[in-house]
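Reader: I would like to work through how helix packing and burial are read from a model. Please take the features one at a time.

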Amino acid sequence: MSHRNFTTHPIVVRRLEVCRVVDVTPRMRRITLTGSQLREFERGGMRMPAFASTGFDDHVKLVFATNGDVESVLPVQRARGIDWLPCEGRETRDYTPRRFDAEAGELELDFVMHGDGPAASWAARAKPGDPLHTVGPKSSIVLPEDIDRVVLVGDETALPAIGRFFDERPTAVGADVVIAVGDEAARQEFALRDEDTLSWVTPEALIPAVQALAWAERPFVWAGAESRALLPLRRWLKREKRHPKSHTDITGYWHAEAEPEQVEDAAQGVGVEALLSPVPWFAVRAAVRVGLLESVERAPGTVAELAERLELQVDALGPLVDLLVGLGILGSGQAGDSVPGGPVGRLRLAELGELVLADDHVRAAFDDTVEARAIEALLYLPEQLRDGVDPFVRAHGSTAATLLESDHCDEHAESVIGLDFVASALCEIAEVRSAHRIAVTGPGARAVSAALEAQELVEADCEPEVALLASALGHRVDADARTVIRAVTAPRMVVVEEMPPRSTDPEEAEHALIAMATRGPRELAGLRALAEAEGWRQVSHTSLGWRYEALVFDRA
């Protein structure tokens, strides 16, 4: 099971108003927001909880509209979550609450005053009385108990989180802080103690300054800055320091626009999205699977040298390397040996290659994961469309459920992490709230059990009043899903599943197509039909948010 150091909050859309505007430095503007929706309020017959922010690096999402009509681009509010429906003209930006005072009813946000993005532009002209719509925070960090030091790394955009850390002190241990600024006017004062250290450095000196710190035995490392600037830190912590994921929190706060000379490794200037088109995706997957990127990272080499080092076919490696260089995964250096027609010189890891290795979420799309295998299974989409063939079984010889529940348990748990943020909405469902004994099963059981702490949770064979299937069916084909439903002995059943909506939005449609390759075609009506085929009758349906739906059934 993956280690998760955070606590969740109900995700609520709030309309707030500006009450103060103060320039903290010539480059940082602090805007104080207030409004009745920071307290409990009602929306659409639902009671929305008061605003909560307990972590020093919490994030609220600010919502803007290019046409000025913010109300038309807001997400749909659910009981304890939201759903972002596709719409044109929506722009969002994440900001850290610099201070939240529940008693005074004030929320402070700090804005770096450079650039012309929607948030910076709004802050530049903000005045008392102006409205601002916020969403979240969805969660707050909880520091591990066994740490003996905290390392805080950031650029100008991280100053609000770092300042809040020292104001609220979530741990008694000392902290080492390294902050990169390009202008000394950005420097701020923090509430430091004698055991803390603070270094202001130039952007290019950020990572060397972190590496030069006197490292404690069990530090917690937090970093927030421009995403590509943090790649060397990610790689160093993971590869050289072997720093545990449970003690690391690195977030790319923003993305710099690359200058022409910065994309010389990628002639087309492609981004990560381009890697997910068929041929590049298979090429990067092959490079990850055979260890090519790790080998180049350890020691640059020619195609011939890499082929010998990894025991690969040199003639086959050449065309693969050609494409990887063109995509900006690999870069070529000084002249050296190579296969005829291939890239000249010793190959090194380029920017996108660093990202694939350093970012676990990106790498998961190419590595030996069930998600990657589901993408491979789309090769048999024509057979699925024509004859109902299970593409995953056709491609890999077993169902996705078999793999997820055996060798990929951690991936299974991570796949339902969104349930953590909306599971508390189950407490609003009358049939769940009134139950005394509930049996919870499925990969989402941990999140649901935490949300239902007031109820008695029992084993499935202890005559529960309600059987709650927490994401227990979404990865199973219909026949296997019916077997799970058939085994339920309780008189009432609650099925909680993520149901990708029908949408022409490319990201949403892609998610739905991969889900279909994993378990077959299934919409909400199909899920209902599975239960009805096993003798159940639906009595209620609740949208929890983040595409999660809860269906309550009684025996027919």
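Reader: Which residues of helix 11 and helix 20 meet?

Author: The model is predicted. In it, Ala374, Ile375 and Ala377 of helix 11 touch Ile514, Ala517 and Thr518 of helix 20. By class, this contact has five nonpolar residues, one polar and no charged.

Reader: How is the geometry of such a pair described?

Author: Two packed helices are described by the angle between their axes and the distance between the axes. Here helix 11 spans residues 370-377 and helix 20 residues 506-519; their axes come within 9 Å and cross at roughly 90 degrees. Angles of 65 to 115 degrees count as roughly perpendicular, so helix 11 and helix 20 are roughly perpendicular to each other.

Reader: At what angle do the axes of helix 5 and helix 11 cross?

Author: The crossing is at roughly 140 degrees, and the axes of helix 5 (residues 278-289) and helix 11 come within 12 Å. That angle makes helix 5 oblique to helix 11. The crossing of helix 5 past helix 11 is left-handed.

Reader: Which residues make the contact of helix 5 with helix 11?

Author: Helix 5 contributes Trp281, Phe282 and Arg285, while helix 11 contributes Ala372, Arg373, Ile375 and Glu376. Four of the residues in this contact are nonpolar, none is polar and three are charged. Ile375 of helix 11 also takes part in the contact with helix 20.

Reader: Now burial. How many residues of helix 9 are buried?

Author: A residue counts as buried under 20% relative accessible area. Helix 9 (residues 351-358) is mostly covered, with seven of its eight residues buried. Those seven are Leu352, Gly353, Glu354, Leu355, Val356, Leu357 and Ala358. Among the elements that cover them are helix 4 (231-240), helix 5, helix 8 (314-327) and strand 20 (347-349).

Reader: Is Ala175 buried or exposed?

Author: Ala175 lies in strand 15 (residues 175-180). Its relative accessibility is 0%, so Ala175 counts as buried. Beyond its neighbours within four places in sequence, Ala175 is in contact with residues including Arg149, Val150, Phe165 and Phe166. The C-alpha atoms of Ala175 and Val221 are separated by 9.8 Å, with the two positions 46 residues apart along the chain counted as their separation.

Reader: How many disulfides are there?

Author: A disulfide is a covalent bond between the sulfur atoms of two cysteines. The count for this model is zero disulfides. As for accessibility, Cys87 counts as partly exposed because its value is 33%. Cys427, at 23%, also counts as partly exposed.

How values were computed: Residues are numbered from 1 along each chain as its sequence is written. This is a predicted model: local features need pLDDT of at least 70, side-chain atom pairs count only at pLDDT 80 or more; totals for chains, interfaces and linings use all residues. Side-chain values use heavy atoms; hydrogens and water are left out. A disulfide is a pair of cysteine sulfur atoms within 2.5 Å. Buried means under 20% relative accessible area, exposed over 50%, partly exposed in between (1.4 Å probe, protein chains only). Axes are lines fitted to C-alpha atoms, for helices over the stretch in contact, and angles run from 0 to 180 degrees between N-to-C directions. Helices (H or I, at least four residues) and strands (E, at least two) are DSSP runs, numbered from the N terminus. Angles under 35 degrees count as roughly parallel, over 145 as roughly antiparallel, 65 to 115 as roughly perpendicular and the rest as oblique. Contact means heavy atoms within 4.5 Å. Ala, Val, Leu, Ile, Met, Phe, Trp, Tyr, Cys and Pro count as nonpolar, Asp, Glu, Lys and Arg as charged, and the others, Gly among them, as polar. A crossing is left-handed if the near helix is turned anticlockwise from the far one by less than a right angle, and right-handed if clockwise.
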